[in-house]
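The following exercises concern the protein chain displayed below. Please attempt each task before reading its solution.

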Amino acid sequence: MKVLHSIRNIIDKITITLCVCIFALMVVVGTYQIVTRYFFNSPSTVSEELLTYSFTWMALLASAYVFGKRDHMRMGFLADKLSGMPRKVLEIAIEGLVIILAGGIMVYGGFNIMDLTMTQVTASLGIPMGVVYTVLPLSGILIVIYSVLNIVDLVTGYENETNESAEVKE
């Protein structure tokens, strides 16, 4: 179990670091875009395109991180009414559906769209669109890994132990 939790911590740190770096890049590039547009009256198309793609990367990586923390938005009207084993079974089933959807749409579909768009080049940056779409399978793989780790936590009861200890500290 400790190995799985250390893997989760490593993935968390890498994902958080990537998101922070992308956000810092967005601040710098956004500031550059504002300065060139309003002070020099010469808008930069490169910065606008870079901001668009970096925002997409940050949003998808951050959503994968949130899935790992199980803090994503959900409709809990059914799960909140259950307790004990039925709730655990429902939560495991939900994580299984997440694995199927993330694996099928984001990983498989992401690799397909990457392959299809490697010959297309972005307008301003001049990089293949497939490079931009790399974030789809990457975040999908992260979501699948996090969902598997969440299932292991649910099966072993680790989540209940951490929730109870967090409630005691509050």
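A residue is called buried when its relative accessible area is under 20%, exposed when it is over 50%, and partly exposed in between. The model is predicted.

**Exercise 1. Classifying two residues**

Task: Determine whether Asn41 is buried or exposed, and state which class Ile145 belongs to.

Solution:
- Step 1. Locate Asn41: this residue sits in the loop between α1 (2–39) and α2 (45–69).
- Step 2. Apply the cut-off: the relative accessible area of Asn41 is 67%, so Asn41 is exposed.
- Step 3. Examine the backbone: the phi of Asn41 is positive, about 50°, although Asn41 is not a glycine.
- Step 4. Turn to Ile145, which belongs to helix α5 (residues 135–156). Its relative accessibility is 33%, and therefore Ile145 counts as partly exposed.

**Exercise 2. Sequence and space**

Task: State how many residues separate Ile145 from Leu78 in sequence, and what the distance between their C-alpha atoms is.

Solution:
- Step 1. Along the sequence, Ile145 and Leu78 are 67 residues apart.
- Step 2. In space, the separation of Ile145 and Leu78 is 25 Å, C-alpha to C-alpha.
- Step 3. Consider contacts across the protein chain: of those between residues at least 6 apart in sequence, 71% join residues at least 24 apart.

**Exercise 3. Overall form**

Task: Describe the secondary structure and the dimensions of the protein chain.

Solution:
- Step 1. Count the elements: there are six helices and zero strands in the protein chain. In sequence order the pattern reads α-α-α-α-α-α.
- Step 2. Compare the radius of gyration: the protein chain has 20 Å, whereas a compact globule of 170 residues would have a value near 15 Å.
- Step 3. Give the extent: along the principal axes, the C-alpha atoms fill a box of roughly 60 × 40 × 35 Å.

**Exercise 4. Surface and charge**

Task: Characterise the burial, the exposed surface and the charges of the protein chain.

Solution:
- Step 1. Of the 170 residues in the protein chain, 31% are buried.
- Step 2. The protein chain exposes about 10,800 Å², and carbon and sulfur atoms supply 70% of that area.
- Step 3. The protein chain carries 11 positive and 14 negative charges, and the mean positions of the two sets are 4 Å apart.

**Exercise 5. Confidence**

Task: Where is the pLDDT below 50?

Solution:
- Step 1. Begin with the whole: the average pLDDT of the protein chain is 88, and 92% of the residues score at least 70.
- Step 2. Identify the stretch: the pLDDT is below 50 over residues 160–170.
- Step 3. Check its contacts: beyond near neighbours in sequence, residues 160–170 have zero contacts in the model.

Notes
Residues numbered from 1 in each chain as written. Predicted model: local features only at pLDDT ≥ 70, side-chain atom pairs only at ≥ 80, totals over all residues. Heavy atoms only, no water. Helix = DSSP H or I, 4+ residues; strand = E, 2+ residues; numbered from the N terminus. Rg over C-alpha atoms; globule rule 2.2 N^0.38 Å. Buried < 20%, exposed > 50% of the residue type's maximum accessible area, 1.4 Å probe, protein only. Contact = heavy atoms within 4.5 Å. Areas by Shrake-Rupley, 256 points an atom, 1.4 Å probe, with all protein chains shown as cover. Lys, Arg positive; Asp, Glu negative; His and termini not counted. Charge placed at Lys NZ, Arg CZ, Asp CG, Glu CD. pLDDT = per-residue confidence, 0-100.
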